[in-house]
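Hi everyone, thanks for coming. I'd like to walk you through one structure today, so have a look at it first and then we'll talk.

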Amino acid sequence: MAGDKVVQTTGLMGWIDRRFPLTKMFKEHMSEYYAPKNFNFWYFFGSLAMLVLVIQILTGIFMVMHYKPDAKLAFLSVEYIMREVPYGWIIRYMHSTGASMFFVVVYLHMLRGLFYGSYRKPRELVWIFGVCIFLCLMAEAFFGYLLPWGQMSYWGAQVIVNLFSAIPFVGDGLSTWIRGDFVVSDATLNRFFAFHVIAIPLVLIGLVVAHIIALHEVGSNNPDGIEIKANKDRNGRPLDGIPFHPYYSVHDILGVAGFLLVFAAIMFFAPTMGGYFLEANNFLPADPYKTPPHIAPVWYFTAFYSMLRATTDEFTWALIAFALFFAVYILLNKNIKGLWRILWPVVLVLVAVGLRTFDAKFWGVVVMGGTVVILGFLPWLDKSPVKSIRYRPTWHKFLYAIFIVDFIVLCIIGTKAPSPLLNIVSQVGTVIYLAFFFFMPVWSRLGKFKQVPDRVTFKQH
(Lines give C-alpha, C1' and ligand atoms only; values in the text may rest on other atoms or scores of the structure.)
Protein backbone atom coordinates (compact mmCIF):
# COMPACT_ATOMS: atom_id res chain seq x y z
CA MET A 1 0.00 0.00 0.00
CA ALA A 2 1.21 3.55 -0.77
CA GLY A 3 -1.15 5.76 1.23
CA ASP A 4 -4.61 4.69 0.04
CA LYS A 5 -3.39 3.73 -3.41
CA VAL A 6 -2.90 0.09 -4.27
CA VAL A 7 0.37 -0.58 -6.07
CA GLN A 8 -0.28 -3.09 -8.86
CA THR A 9 2.48 -5.54 -9.74
CA THR A 10 3.29 -6.17 -13.38
CA GLY A 11 4.99 -8.83 -15.46
CA LEU A 12 5.24 -12.35 -14.07
CA MET A 13 4.46 -11.22 -10.51
CA GLY A 14 1.38 -9.38 -11.75
CA TRP A 15 0.21 -12.50 -13.56
CA ILE A 16 0.67 -14.55 -10.37
CA ASP A 17 -0.94 -11.90 -8.12
CA ARG A 18 -4.09 -11.88 -10.25
CA ARG A 19 -4.42 -15.61 -9.57
CA PHE A 20 -2.77 -16.05 -6.15
CA PRO A 21 -2.23 -13.36 -3.44
CA LEU A 22 1.58 -13.84 -3.28
CA THR A 23 2.55 -10.16 -2.97
CA LYS A 24 -0.34 -9.52 -0.57
CA MET A 25 0.82 -12.39 1.69
CA PHE A 26 4.43 -11.20 1.56
CA LYS A 27 3.39 -7.70 2.62
CA GLU A 28 1.06 -8.88 5.39
CA HIS A 29 3.55 -11.30 6.94
CA MET A 30 6.92 -9.74 6.05
CA SER A 31 7.41 -6.24 4.62
CA GLU A 32 4.33 -4.62 6.19
CA TYR A 33 4.21 -6.71 9.37
CA TYR A 34 5.41 -4.34 12.08
CA ALA A 35 7.36 -5.99 14.87
CA PRO A 36 8.58 -4.23 18.05
CA LYS A 37 11.94 -2.54 17.52
CA ASN A 38 13.38 -3.82 20.83
CA PHE A 39 13.68 -7.53 20.03
CA ASN A 40 16.74 -9.09 21.67
CA PHE A 41 18.71 -12.35 21.65
CA TRP A 42 15.73 -14.37 22.87
CA TYR A 43 13.80 -13.65 19.69
CA PHE A 44 16.18 -15.67 17.51
CA PHE A 45 14.68 -18.96 18.62
CA GLY A 46 11.34 -18.69 16.81
CA SER A 47 13.01 -18.43 13.39
CA LEU A 48 15.58 -21.07 14.42
CA ALA A 49 12.73 -23.47 15.22
CA MET A 50 11.45 -22.95 11.65
CA LEU A 51 14.96 -23.60 10.31
CA VAL A 52 15.32 -26.87 12.23
CA LEU A 53 11.87 -27.98 11.08
CA VAL A 54 12.99 -27.53 7.46
CA ILE A 55 16.24 -29.42 8.18
CA GLN A 56 14.31 -32.30 9.74
CA ILE A 57 11.85 -32.54 6.85
CA LEU A 58 14.55 -32.45 4.15
CA THR A 59 16.89 -34.92 5.85
CA GLY A 60 13.92 -37.13 6.67
CA ILE A 61 12.93 -37.28 3.00
CA PHE A 62 16.43 -38.41 2.00
CA MET A 63 16.54 -41.02 4.78
CA VAL A 64 13.15 -42.47 3.80
CA MET A 65 14.58 -43.14 0.33
CA HIS A 66 16.85 -45.82 1.82
CA TYR A 67 15.14 -46.81 5.09
CA LYS A 68 13.21 -50.10 5.34
CA PRO A 69 10.34 -50.14 7.89
CA ASP A 70 10.78 -53.85 8.51
CA ALA A 71 11.83 -55.40 11.83
CA LYS A 72 14.37 -57.62 10.05
CA LEU A 73 15.84 -54.86 7.87
CA ALA A 74 15.38 -51.56 9.77
CA PHE A 75 18.65 -51.64 11.72
CA LEU A 76 20.60 -52.84 8.67
CA SER A 77 19.07 -50.12 6.49
CA VAL A 78 20.24 -47.45 8.96
CA GLU A 79 23.72 -48.98 8.86
CA TYR A 80 23.51 -48.98 5.07
CA ILE A 81 22.67 -45.28 5.10
CA MET A 82 25.63 -44.62 7.38
CA ARG A 83 28.20 -46.74 5.51
CA GLU A 84 27.15 -47.18 1.88
CA VAL A 85 24.93 -44.29 0.79
CA PRO A 86 27.09 -41.38 -0.47
CA TYR A 87 27.07 -38.74 2.31
CA GLY A 88 24.41 -40.79 4.09
CA TRP A 89 26.24 -40.40 7.40
CA ILE A 90 25.89 -36.60 7.12
CA ILE A 91 22.16 -36.90 6.46
CA ARG A 92 21.68 -39.30 9.38
CA TYR A 93 23.72 -37.17 11.80
CA MET A 94 21.94 -34.01 10.63
CA HIS A 95 18.63 -35.69 11.42
CA SER A 96 19.67 -37.07 14.82
CA THR A 97 21.41 -33.83 15.83
CA GLY A 98 18.45 -31.85 14.51
CA ALA A 99 16.05 -33.78 16.73
CA SER A 100 17.91 -32.74 19.88
CA MET A 101 18.59 -29.20 18.65
CA PHE A 102 14.89 -28.84 17.86
CA PHE A 103 14.08 -29.35 21.53
CA VAL A 104 16.93 -27.06 22.64
CA VAL A 105 15.53 -24.28 20.46
CA VAL A 106 11.89 -24.94 21.42
CA TYR A 107 12.67 -25.05 25.16
CA LEU A 108 14.47 -21.69 24.90
CA HIS A 109 11.62 -20.29 22.77
CA MET A 110 9.11 -21.32 25.44
CA LEU A 111 11.34 -19.96 28.20
CA ARG A 112 11.36 -16.58 26.48
CA GLY A 113 7.55 -16.68 26.38
CA LEU A 114 7.56 -17.44 30.11
CA PHE A 115 9.94 -14.55 30.86
CA TYR A 116 8.11 -11.89 28.86
CA GLY A 117 4.51 -13.06 29.35
CA SER A 118 3.97 -13.90 25.68
CA TYR A 119 1.02 -16.11 26.69
CA ARG A 120 -0.96 -13.19 28.16
CA LYS A 121 -3.92 -11.47 26.49
CA PRO A 122 -4.32 -11.14 23.51
CA ARG A 123 -1.90 -14.01 22.68
CA GLU A 124 -3.60 -16.88 24.50
CA LEU A 125 -4.34 -18.74 21.26
CA VAL A 126 -0.79 -18.21 19.99
CA TRP A 127 0.49 -19.87 23.18
CA ILE A 128 -2.02 -22.74 22.99
CA PHE A 129 -0.98 -23.45 19.41
CA GLY A 130 2.62 -23.41 20.63
CA VAL A 131 1.89 -25.96 23.39
CA CYS A 132 0.13 -28.15 20.82
CA ILE A 133 3.25 -27.91 18.62
CA PHE A 134 5.34 -29.00 21.61
CA LEU A 135 3.07 -32.02 22.21
CA CYS A 136 3.31 -32.92 18.51
CA LEU A 137 7.10 -32.66 18.66
CA MET A 138 7.17 -35.03 21.62
CA ALA A 139 4.99 -37.52 19.75
CA GLU A 140 7.07 -37.14 16.58
CA ALA A 141 10.30 -37.71 18.51
CA PHE A 142 8.87 -40.74 20.31
CA PHE A 143 7.61 -42.42 17.12
CA GLY A 144 10.88 -41.66 15.33
CA TYR A 145 12.92 -43.05 18.21
CA LEU A 146 11.80 -46.62 17.47
CA LEU A 147 12.71 -46.51 13.78
CA PRO A 148 16.49 -47.27 14.07
CA TRP A 149 15.41 -50.54 15.74
CA GLY A 150 18.33 -50.46 18.16
CA GLN A 151 18.37 -51.81 21.69
CA MET A 152 17.34 -48.57 23.38
CA SER A 153 14.80 -47.80 20.64
CA TYR A 154 13.10 -51.15 21.12
CA TRP A 155 13.08 -51.22 24.91
CA GLY A 156 12.29 -47.53 25.26
CA ALA A 157 9.21 -48.02 23.09
CA GLN A 158 8.30 -51.11 25.11
CA VAL A 159 8.39 -49.17 28.38
CA ILE A 160 6.51 -46.10 27.10
CA VAL A 161 3.75 -48.05 25.36
CA ASN A 162 3.30 -50.21 28.47
CA LEU A 163 2.50 -47.03 30.41
CA PHE A 164 -0.84 -46.86 28.59
CA SER A 165 -1.80 -50.15 30.23
CA ALA A 166 -2.00 -48.24 33.52
CA ILE A 167 -5.14 -46.43 32.33
CA PRO A 168 -8.09 -48.00 34.18
CA PHE A 169 -10.50 -50.27 32.28
CA VAL A 170 -9.15 -49.61 28.73
CA GLY A 171 -5.39 -49.62 29.33
CA ASP A 172 -4.53 -53.14 28.23
CA GLY A 173 -6.57 -52.92 25.06
CA LEU A 174 -5.22 -49.45 24.28
CA SER A 175 -1.57 -50.46 24.63
CA THR A 176 -2.17 -53.55 22.44
CA TRP A 177 -3.87 -51.36 19.83
CA ILE A 178 -0.97 -48.88 19.81
CA ARG A 179 1.57 -51.68 19.35
CA GLY A 180 -0.59 -53.55 16.85
CA ASP A 181 0.56 -56.68 18.68
CA PHE A 182 1.05 -57.99 22.21
CA VAL A 183 4.70 -56.95 22.10
CA VAL A 184 6.70 -54.34 20.16
CA SER A 185 7.08 -55.99 16.76
CA ASP A 186 7.09 -55.41 13.02
CA ALA A 187 3.49 -54.16 13.20
CA THR A 188 4.54 -51.54 15.77
CA LEU A 189 7.42 -50.42 13.58
CA ASN A 190 5.16 -49.94 10.57
CA ARG A 191 2.61 -47.97 12.59
CA PHE A 192 5.25 -45.73 14.13
CA PHE A 193 6.84 -45.18 10.71
CA ALA A 194 3.50 -44.06 9.26
CA PHE A 195 2.91 -41.64 12.14
CA HIS A 196 6.47 -40.30 12.10
CA VAL A 197 6.72 -39.77 8.34
CA ILE A 198 3.18 -38.78 7.33
CA ALA A 199 0.54 -38.19 10.00
CA ILE A 200 2.30 -36.10 12.65
CA PRO A 201 4.35 -33.93 10.21
CA LEU A 202 1.11 -32.91 8.48
CA VAL A 203 -0.46 -31.94 11.81
CA LEU A 204 2.77 -30.22 12.89
CA ILE A 205 3.00 -28.10 9.74
CA GLY A 206 -0.66 -27.12 10.10
CA LEU A 207 -0.11 -26.07 13.72
CA VAL A 208 3.01 -24.06 12.79
CA VAL A 209 1.02 -22.19 10.11
CA ALA A 210 -1.81 -21.56 12.60
CA HIS A 211 0.75 -20.40 15.20
CA ILE A 212 2.26 -17.84 12.79
CA ILE A 213 -1.12 -16.62 11.49
CA ALA A 214 -2.41 -16.14 15.04
CA LEU A 215 0.82 -14.34 16.00
CA HIS A 216 0.64 -11.95 13.04
CA GLU A 217 -3.01 -11.25 13.73
CA VAL A 218 -2.39 -9.94 17.26
CA GLY A 219 1.24 -8.86 16.81
CA SER A 220 4.45 -9.95 18.48
CA ASN A 221 5.16 -9.41 22.15
CA ASN A 222 8.37 -7.67 23.24
CA PRO A 223 10.70 -7.63 26.29
CA ASP A 224 8.73 -4.77 27.84
CA GLY A 225 5.35 -6.46 27.38
CA ILE A 226 3.95 -3.29 25.80
CA GLU A 227 1.37 -3.41 23.01
CA ILE A 228 2.94 -1.39 20.18
CA LYS A 229 -0.42 -1.11 18.41
CA ALA A 230 -1.53 1.30 21.15
CA ASN A 231 0.74 4.05 19.74
CA LYS A 232 0.45 4.66 15.99
CA ASP A 233 1.31 7.48 13.61
CA ARG A 234 -1.17 9.17 11.29
CA ASN A 235 -0.63 6.43 8.68
CA GLY A 236 -1.59 3.73 11.17
CA ARG A 237 1.94 2.41 11.65
CA PRO A 238 3.10 1.58 15.19
CA LEU A 239 5.56 4.21 16.45
CA ASP A 240 7.61 1.52 18.19
CA GLY A 241 7.48 -0.96 15.31
CA ILE A 242 9.65 -1.67 12.30
CA PRO A 243 8.90 -3.87 9.26
CA PHE A 244 9.91 -7.46 9.85
CA HIS A 245 11.49 -7.48 6.40
CA PRO A 246 14.19 -6.40 5.81
CA TYR A 247 15.13 -5.52 9.40
CA TYR A 248 14.48 -8.75 11.27
CA SER A 249 14.80 -11.08 8.29
CA VAL A 250 18.39 -9.80 7.95
CA HIS A 251 18.88 -9.63 11.73
CA ASP A 252 17.93 -13.31 12.04
CA ILE A 253 20.78 -14.25 9.70
CA LEU A 254 23.12 -13.58 12.63
CA GLY A 255 21.22 -16.07 14.78
CA VAL A 256 21.10 -18.61 11.95
CA ALA A 257 24.87 -18.29 11.37
CA GLY A 258 25.66 -18.80 15.06
CA PHE A 259 23.25 -21.72 15.31
CA LEU A 260 24.66 -23.46 12.22
CA LEU A 261 28.19 -23.16 13.62
CA VAL A 262 27.10 -24.95 16.81
CA PHE A 263 25.04 -27.44 14.82
CA ALA A 264 27.95 -28.28 12.51
CA ALA A 265 30.39 -28.57 15.43
CA ILE A 266 28.14 -31.14 17.12
CA MET A 267 27.39 -33.01 13.90
CA PHE A 268 31.05 -33.36 12.83
CA PHE A 269 32.85 -33.66 16.16
CA ALA A 270 30.38 -35.01 18.74
CA PRO A 271 27.26 -36.42 17.04
CA THR A 272 26.45 -38.67 20.00
CA MET A 273 27.13 -35.91 22.59
CA GLY A 274 28.46 -38.47 25.04
CA GLY A 275 25.38 -40.65 24.67
CA TYR A 276 22.81 -37.91 25.24
CA PHE A 277 21.91 -37.45 21.54
CA LEU A 278 22.60 -41.04 20.43
CA GLU A 279 22.96 -43.76 23.08
CA ALA A 280 25.61 -46.47 22.78
CA ASN A 281 22.92 -49.17 23.13
CA ASN A 282 21.22 -47.86 20.00
CA PHE A 283 24.22 -48.90 17.92
CA LEU A 284 23.28 -52.50 18.79
CA PRO A 285 20.40 -54.24 16.95
CA ALA A 286 17.21 -54.72 18.95
CA ASP A 287 17.17 -57.97 20.93
CA PRO A 288 13.79 -58.86 22.52
CA TYR A 289 15.58 -61.38 24.78
CA LYS A 290 18.21 -59.05 26.24
CA THR A 291 17.07 -56.07 28.32
CA PRO A 292 19.57 -53.19 28.73
CA PRO A 293 20.64 -52.68 32.37
CA HIS A 294 19.18 -49.16 32.43
CA ILE A 295 16.39 -47.99 30.12
CA ALA A 296 16.04 -44.22 29.79
CA PRO A 297 14.54 -41.95 27.12
CA VAL A 298 16.48 -39.33 25.17
CA TRP A 299 17.51 -36.29 27.22
CA TYR A 300 14.59 -34.07 26.14
CA PHE A 301 12.11 -36.47 27.76
CA THR A 302 14.08 -37.18 30.91
CA ALA A 303 12.57 -34.41 33.10
CA PHE A 304 9.08 -35.82 32.54
CA TYR A 305 10.41 -39.37 32.91
CA SER A 306 11.86 -38.36 36.30
CA MET A 307 8.43 -37.17 37.41
CA LEU A 308 6.92 -40.44 36.22
CA ARG A 309 9.41 -42.47 38.28
CA ALA A 310 8.95 -40.15 41.28
CA THR A 311 5.27 -41.07 41.59
CA THR A 312 5.46 -44.04 43.95
CA ASP A 313 2.81 -45.35 46.36
CA GLU A 314 4.37 -43.30 49.18
CA PHE A 315 4.54 -40.17 47.02
CA THR A 316 0.81 -40.31 46.31
CA TRP A 317 0.23 -39.31 49.95
CA ALA A 318 2.17 -36.10 49.28
CA LEU A 319 0.04 -35.51 46.18
CA ILE A 320 -3.12 -36.06 48.25
CA ALA A 321 -1.97 -33.49 50.81
CA PHE A 322 -1.10 -31.12 47.96
CA ALA A 323 -4.55 -31.52 46.34
CA LEU A 324 -6.45 -31.07 49.63
CA PHE A 325 -4.37 -28.04 50.63
CA PHE A 326 -5.04 -26.42 47.26
CA ALA A 327 -8.78 -27.20 47.56
CA VAL A 328 -8.94 -25.47 50.98
CA TYR A 329 -7.01 -22.49 49.59
CA ILE A 330 -9.52 -22.05 46.74
CA LEU A 331 -12.47 -22.23 49.14
CA LEU A 332 -10.93 -19.53 51.35
CA ASN A 333 -9.71 -17.31 48.50
CA LYS A 334 -12.09 -14.39 48.01
CA ASN A 335 -10.57 -13.55 44.62
CA ILE A 336 -11.90 -16.78 43.10
CA LYS A 337 -15.62 -16.42 42.51
CA GLY A 338 -18.51 -18.11 40.75
CA LEU A 339 -18.56 -21.71 39.55
CA TRP A 340 -14.77 -22.12 39.75
CA ARG A 341 -14.84 -21.68 43.55
CA ILE A 342 -17.01 -24.77 43.87
CA LEU A 343 -15.83 -26.78 40.87
CA TRP A 344 -12.07 -26.73 41.58
CA PRO A 345 -12.30 -28.02 45.19
CA VAL A 346 -14.67 -30.82 44.09
CA VAL A 347 -12.24 -31.85 41.32
CA LEU A 348 -9.29 -31.77 43.70
CA VAL A 349 -11.07 -33.83 46.35
CA LEU A 350 -12.00 -36.39 43.68
CA VAL A 351 -8.34 -36.46 42.64
CA ALA A 352 -7.31 -37.03 46.26
CA VAL A 353 -9.77 -39.95 46.53
CA GLY A 354 -8.64 -41.31 43.17
CA LEU A 355 -4.99 -41.24 44.26
CA ARG A 356 -5.74 -44.03 46.73
CA THR A 357 -8.19 -45.82 44.42
CA PHE A 358 -5.83 -46.35 41.46
CA ASP A 359 -2.23 -47.52 41.58
CA ALA A 360 0.85 -45.32 41.49
CA LYS A 361 1.67 -46.30 37.90
CA PHE A 362 -1.54 -44.67 36.67
CA TRP A 363 -0.90 -41.49 38.62
CA GLY A 364 2.67 -41.43 37.36
CA VAL A 365 1.28 -41.29 33.82
CA VAL A 366 -1.17 -38.55 34.89
CA VAL A 367 1.62 -36.51 36.49
CA MET A 368 3.89 -36.94 33.46
CA GLY A 369 1.14 -35.88 31.05
CA GLY A 370 -0.21 -33.18 33.35
CA THR A 371 3.15 -31.45 33.69
CA VAL A 372 3.05 -30.82 29.93
CA VAL A 373 -0.66 -30.04 29.58
CA ILE A 374 -0.56 -27.51 32.45
CA LEU A 375 1.60 -25.28 30.25
CA GLY A 376 -1.48 -24.62 28.12
CA PHE A 377 -3.24 -23.04 31.13
CA LEU A 378 -0.55 -20.41 31.77
CA PRO A 379 -2.64 -17.53 30.33
CA TRP A 380 -5.17 -18.08 33.11
CA LEU A 381 -2.77 -19.04 35.90
CA ASP A 382 -0.63 -15.90 35.69
CA LYS A 383 -2.43 -13.05 37.51
CA SER A 384 0.45 -10.57 37.48
CA PRO A 385 -0.50 -6.95 36.69
CA VAL A 386 2.49 -6.76 34.30
CA LYS A 387 3.60 -9.14 31.56
CA SER A 388 7.36 -8.91 31.46
CA ILE A 389 9.79 -10.19 34.06
CA ARG A 390 11.58 -6.82 33.73
CA TYR A 391 8.89 -5.09 35.79
CA ARG A 392 8.15 -7.82 38.32
CA PRO A 393 9.56 -8.00 41.87
CA THR A 394 13.11 -9.32 42.18
CA TRP A 395 11.99 -12.37 44.14
CA HIS A 396 9.83 -13.40 41.16
CA LYS A 397 13.06 -13.75 39.18
CA PHE A 398 14.41 -16.07 41.87
CA LEU A 399 11.30 -18.24 41.50
CA TYR A 400 11.91 -18.47 37.75
CA ALA A 401 15.56 -19.36 38.45
CA ILE A 402 14.52 -22.10 40.90
CA PHE A 403 12.08 -23.48 38.32
CA ILE A 404 14.77 -23.59 35.61
CA VAL A 405 17.33 -25.26 37.90
CA ASP A 406 14.67 -27.72 39.05
CA PHE A 407 13.86 -28.68 35.45
CA ILE A 408 17.56 -29.19 34.62
CA VAL A 409 18.05 -31.34 37.74
CA LEU A 410 15.04 -33.47 36.75
CA CYS A 411 16.54 -33.85 33.26
CA ILE A 412 19.82 -35.09 34.74
CA ILE A 413 18.14 -37.50 37.18
CA GLY A 414 16.12 -39.01 34.32
CA THR A 415 19.32 -40.13 32.62
CA LYS A 416 20.56 -41.97 35.74
CA ALA A 417 19.69 -45.40 37.05
CA PRO A 418 17.11 -45.17 39.87
CA SER A 419 18.30 -45.08 43.47
CA PRO A 420 16.63 -44.17 46.80
CA LEU A 421 18.46 -40.82 46.98
CA LEU A 422 17.72 -39.83 43.37
CA ASN A 423 14.10 -40.86 43.85
CA ILE A 424 13.74 -38.48 46.81
CA VAL A 425 15.37 -35.66 44.82
CA SER A 426 13.05 -36.29 41.86
CA GLN A 427 10.02 -36.26 44.19
CA VAL A 428 11.09 -32.90 45.63
CA GLY A 429 11.69 -31.64 42.09
CA THR A 430 8.24 -32.80 40.99
CA VAL A 431 6.59 -30.94 43.89
CA ILE A 432 8.55 -27.77 43.02
CA TYR A 433 7.52 -28.05 39.35
CA LEU A 434 3.83 -28.52 40.20
CA ALA A 435 3.85 -25.86 42.93
CA PHE A 436 5.32 -23.30 40.51
CA PHE A 437 2.21 -23.55 38.34
CA PHE A 438 -0.49 -24.41 40.87
CA PHE A 439 0.40 -21.49 43.14
CA MET A 440 1.09 -19.07 40.28
CA PRO A 441 -2.35 -17.40 40.74
CA VAL A 442 -1.12 -16.47 44.25
CA TRP A 443 2.56 -15.54 43.95
CA SER A 444 2.26 -13.89 40.54
CA ARG A 445 0.15 -11.05 41.97
CA LEU A 446 2.25 -10.48 45.11
CA GLY A 447 5.09 -8.00 45.59
CA LYS A 448 5.94 -4.50 44.44
CA PHE A 449 5.80 -4.13 40.67
CA LYS A 450 7.73 -1.53 38.70
CA GLN A 451 6.05 1.08 36.56
CA VAL A 452 5.71 -0.10 32.96
CA PRO A 453 6.67 2.68 30.48
CA ASP A 454 4.23 3.91 27.83
CA ARG A 455 6.71 3.22 25.03
CA VAL A 456 9.15 0.37 24.53
CA THR A 457 12.69 0.85 25.85
CA PHE A 458 15.18 0.62 23.02
CA LYS A 459 18.92 1.09 22.63
CA GLN A 460 20.38 1.37 19.15
CA HIS A 461 22.94 -1.25 18.20
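I'll go through salt bridges, then helix packing, then aromatic rings. One thing up front: this is a predicted model.

Okay, salt bridges. How many salt bridges does the count come to? It comes to nine, and I've picked a few to show you.

Let's begin with Lys24 and Glu28, whose side chains meet in a salt bridge with N to O at 2.8 Å. Both residues sit in helix H2, which covers residues 22-31. They're four residues apart, and that's about one turn of the helix. Are these two buried or exposed? Lys24 has a relative accessible area of 51%, and because exposed means over 50%, Lys24 counts as exposed. Glu28 comes out at 40%, so Glu28 is partly exposed.

Next up is Arg120 with Asp382, a salt bridge where the closest N and O atoms are 3.5 Å apart. This pair links distant parts of the chain, 262 residues apart. Find Arg120 in the loop between H5 and helix H6 (124-146), then look for Asp382 in the loop between helix H15 (378-381) and helix H16 (394-414). And both Arg120 and Asp382 are buried.

Here's another one: Arg455 and Asp240, with their closest N and O atoms 2.8 Å apart. Arg455 is in the segment after helix H18 (440-443), while Asp240 is in the loop between helix H9 (186-218) and strand E2 (241-243), so this salt bridge ties together parts that are 215 residues apart in sequence. Arg455 is partly exposed, at 38% relative accessible area. Asp240 is at 2%, and because buried means under 20%, Asp240 counts as buried. There's a third residue involved too: salt bridges that share partners join Lys37, Asp240 and Arg455 into one network.

Now for helix packing. Take helix H4 (residues 74-83) and helix H5 (residues 88-116): their axes come within 5 Å and cross at roughly 115 degrees. Which residues meet there? From H4 you get Val78, Ile81 and Met82, and from H5 you get Gly88, Trp89, Arg92 and Tyr93. Sorted by class, this contact has five nonpolar residues, one polar and one charged.

Then there's H16 with helix H17 (residues 420-438). Those two pack at an angle of about 140 degrees, with axes 9 Å apart, and the crossing of H16 and H17 is left-handed. The H16 side includes Leu399, Tyr400, Phe403 and Asp406, and among the H17 residues they meet are Leu422, Tyr433, Phe436 and Phe437. By class, the contact of H16 with H17 has 14 nonpolar, three polar and one charged.

Last topic: the rings. The structure holds 40 aromatic pairs. In one of them, Trp299 and Tyr300, the ring centres are 5.5 Å apart and the planes are at 75 degrees; over 60 counts as edge-to-face, so that's what this pair is. Trp299 and Tyr300 are both buried.

And which residues form one aromatic cluster? Phe41, Trp42, Phe44, Phe45, Phe115, Tyr400, Phe403, Tyr433, Phe436, Phe437 and Trp443 do. You may recognise a few from a minute ago: Tyr400 and Phe403 are in the H16 part of the helix contact, and Tyr433, Phe436 and Phe437 are in the H17 part.

That's my tour. Thanks for listening!

Key. Residues numbered from 1 in each chain as written. Predicted model: local features only at pLDDT ≥ 70, side-chain atom pairs only at ≥ 80, totals over all residues. Heavy atoms only, no water. Axes fitted to C-alpha atoms, helices over the stretch in contact; angles between N-to-C directions. Contact = heavy atoms within 4.5 Å. Nonpolar A, V, L, I, M, F, W, Y, C, P; charged D, E, K, R; others polar. Salt bridge = Lys/Arg side-chain N within 4 Å of Asp/Glu carboxyl O. Buried < 20%, exposed > 50% of the residue type's maximum accessible area, 1.4 Å probe, protein only. Left-handed = near helix turned anticlockwise from the far one by under 90°. Phe/Tyr/Trp six-rings, centres within 6.5 Å; stacked < 30°, edge-to-face > 60°.
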